[in-house]
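User: I'm new to reading protein structures, and I'd like to go through this one with you. Can we take it one question at a time?

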Amino acid sequence: MGFFHIQPKTWHQAQPVWRPRPIMPQKHKTLLHSALRNIASSTLFKNMASLGLLQLANYVIPILIIPFVVRALGTEHFGLASYAQNIVSYLTIFINYGFEYSATQDIALNRADHRRTCEIFSAVIRFKLLLLAASFVLLFILGLASPQISSDIPLYIFAAMINIGFAIYPTWFFQGREEMEKMALANLAVKLLGAALIVVFIRRSDDYRLYLLLLSLSQIAVGIMSYVYVIRHYRLTFTPPGRTLMRHVIRKGFPIFLNNLFATLYTASGLTILGLYAPASEVGIYAGAHKIIMAVVTLSCMPLSLALFPMISRRFSESPTDGWKLYKRCLLLATLFGLAVSAVTYLAAPLAVRLLLGSEFAGAVPLLRLFAPLPFLVIMATMFTIQGLYGLQLQRFAPIVGGTVGTVCVLLNLILIPRHGMYSAAIGYMLAELLEILISASIIYIFAIRTQRKNRTLHSQK
């Protein structure tokens, strides 16, 4: 009876009919299909998918065109272009300021108040434009102080132009509204066009400046298009923000900005310091492996983190108990997901280097395998720092965490890179992520213990 059914006897049929038992009952199939439909139609799933497209456009498409770029530029000029991008990344952090989380939270909490939304939007855009102007002043000062920059001013200007697009691109607004689909698709389309132009026009080694210019122009196009869409679609008006709101925007974003700045120290300082001691060809090999691993990290971590953040923050503000339950579930899923991504990265390293970088970058295979634990470490660090500290409104500890981790990483790089080269840069990065996990988890644990004791005291007094 385990694998067949016997039909009831009738006047014309008395023999048993043998039929295989279905692997899954129809009732369970219906429940599974219903669950999958609910997941696919959920806001979280749509936001994760949209943010995945966004990160695909920002990080994976540049990786996919690397085979064309590397073959045209060669390792030396590719190293020069990558080093310019590395320097500009510090200015990008300066311009973004931490609004991807602080402004996202403000928009998410004031979605029903159109006037307040206009004020927040105006305050953030105004401040980011001020930071953009200041970033070019900083680049000019760096040019005067650094022979490396002053020897090729156009290269660094073309690289820095990408920040114009980042300054006006309101990703934080879409994240706070939890409506990312249309802009993610538009961003993907423009970045694909920019990639196509790079493949067509980058032909020789001396096109390395044009390569960065085309990347910047595509981001500027996305920024302008998104800014106009937000103004028209959401009927936003530029409302001069008051001093109180400006102070709120600046103060709330400042701890996150400091944490992002310190995080950039251990993500980018390895390449920055390596460029001071190693030849351009070695810098190019490290940059190739670093671009691949950062694409993996960003594509796996950022959509998850940015999609969860508004939901977890709102849940904690509504009910701390429900917030903890949701946070624990998300932490478990993120752990399993991070381990899977790291395992795939290690196994696929030779194939990824061969397809994306070419035979000239064979030395990047062991480096990429050394980087393999990084996706798991970054996902865990994000869950404890962004979702944990920021979700619990503990942003005041972010500069402490970031400052400690960033300082340790830079010191390790300064000591190890001159002696051991690019491999020590990768090790320093991963040790920094591990240290961030330990510190952030300790802060959350202490906060949870103190909260429990406080609640018990209040309950006993009643």
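User: Let's start with one residue. Is Tyr97 buried or exposed?

Analyst: Keep in mind that this is a predicted model. Tyr97 sits in the loop between α3 and α4. Its relative accessible area is 5%, and anything under 20% counts as buried. So Tyr97 is buried.

User: What is the phi of Tyr97 near?

Analyst: Most residues other than glycine have a negative phi. Tyr97 isn't a glycine, yet its phi is positive. The value is near 65°.

User: Arg235 has a positive phi too, I think. Where is Arg235, and is Arg235 buried or exposed?

Analyst: Yes, the phi of Arg235 is about 55°, although Arg235 is not a glycine. You'll find Arg235 in the loop between α11 and α12. Its relative accessibility is 68%, and the cut-off for exposed is over 50%. So Arg235 counts as exposed.

User: Let me zoom out. How many helices and strands does the chain have?

Analyst: Scan the model for secondary structure and you'll come across zero strands. The helix count is 18.

User: And what share of the chain's residues count as buried?

Analyst: The chain has 462 residues to sort. As for the surface, the chain exposes about 22600 Å², with carbon and sulfur atoms supplying 68% of that. The share of residues that count as buried is 51%.

User: What share of the contacts between residues at least 6 apart in sequence joins residues at least 24 apart?

Analyst: Start with the contacts in the chain between residues at least 6 apart in sequence. Then pick out those that join residues at least 24 apart. Their share is 84%.

User: Now some helix pairs. Is α7 roughly parallel or roughly perpendicular to α11?

Analyst: Two packed helices are described by the angle between their axes and the distance between the axes. Here the axes of α7 (residues 153-160) and α11 (residues 208-233) come within 7 Å and cross at roughly 20°. Angles under 35 degrees count as roughly parallel, so α7 is roughly parallel to α11.

User: Which residues of α7 make that contact with α11?

Analyst: From the α11 side come Tyr208, Arg209, Leu212, Leu213 and Ser216. By class, the residues of the contact of α7 with α11 are seven nonpolar, one polar and one charged. On the α7 side, the residues are Pro154, Leu155, Phe158 and Ala159.

User: How does α3 lie relative to α7: parallel or oblique?

Analyst: The axes of α3 and α7 come within 9 Å and cross at roughly 55°. That angle falls outside the ranges for roughly parallel, antiparallel and perpendicular. So α3 is oblique to α7.

User: How many nonpolar residues does the contact of α3 with α7 have?

Analyst: α3 brings Leu80, Tyr83, Ala84, Ile87 and Val88, while α7 brings Leu155, Tyr156, Ala159 and Ala160. None of these is polar or charged. The nonpolar count is nine.

User: What about α3 and α13: roughly parallel or roughly perpendicular?

Analyst: The axes of α3 (residues 66-96) and α13 (residues 280-318) come within 8 Å, crossing at roughly 100°. Angles of 65 to 115 degrees count as roughly perpendicular. So α3 is roughly perpendicular to α13.

User: How many polar residues does the contact of α3 with α13 have?

Analyst: Among the residues that meet there are Thr75, Ser82 and Gln85 in α3, and Ser281, Gly284 and Gly288 in α13. The contact also has five nonpolar and two charged residues. The polar count is seven.

User: Back to single residues. Is Thr104 buried or exposed?

Analyst: Thr104 belongs to helix α4. Leaving aside neighbours within four places in sequence, its contacts are Phe99, Trp172, Gln175, Gly176 and Pro310. Its relative accessibility is 1%, so Thr104 counts as buried.

User: How far apart in space are Ile120 and Asp106?

Analyst: Ile120 is in helix α5 and counts as buried at 2% relative accessibility. Asp106 is one of its contacts, along with Ile107, Asn110 and Leu245. The two are 14 residues apart in sequence, and C-alpha to C-alpha they are 7.5 Å apart.

User: Last one: what is the relative accessible area of Ser122?

Analyst: Ser122 is in helix α5 as well. Not counting residues up to four places away in sequence, Ser122 touches Thr237, Phe238, Thr239 and Pro241. Ser122 is buried, and its relative accessible area is 0%.

Note on methods:
Residues are numbered from 1 along each chain as its sequence is written. This is a predicted model: local features need pLDDT of at least 70, side-chain atom pairs count only at pLDDT 80 or more; totals for chains, interfaces and linings use all residues. Side-chain values use heavy atoms; hydrogens and water are left out. Axes are lines fitted to C-alpha atoms, for helices over the stretch in contact, and angles run from 0 to 180 degrees between N-to-C directions. Helices (H or I, at least four residues) and strands (E, at least two) are DSSP runs, numbered from the N terminus. Angles under 35 degrees count as roughly parallel, over 145 as roughly antiparallel, 65 to 115 as roughly perpendicular and the rest as oblique. Contact means heavy atoms within 4.5 Å. Ala, Val, Leu, Ile, Met, Phe, Trp, Tyr, Cys and Pro count as nonpolar, Asp, Glu, Lys and Arg as charged, and the others, Gly among them, as polar. Buried means under 20% relative accessible area, exposed over 50%, partly exposed in between (1.4 Å probe, protein chains only). Accessible areas come from the Shrake-Rupley method with a 1.4 Å probe; for residues, only the protein chains shown count as cover.
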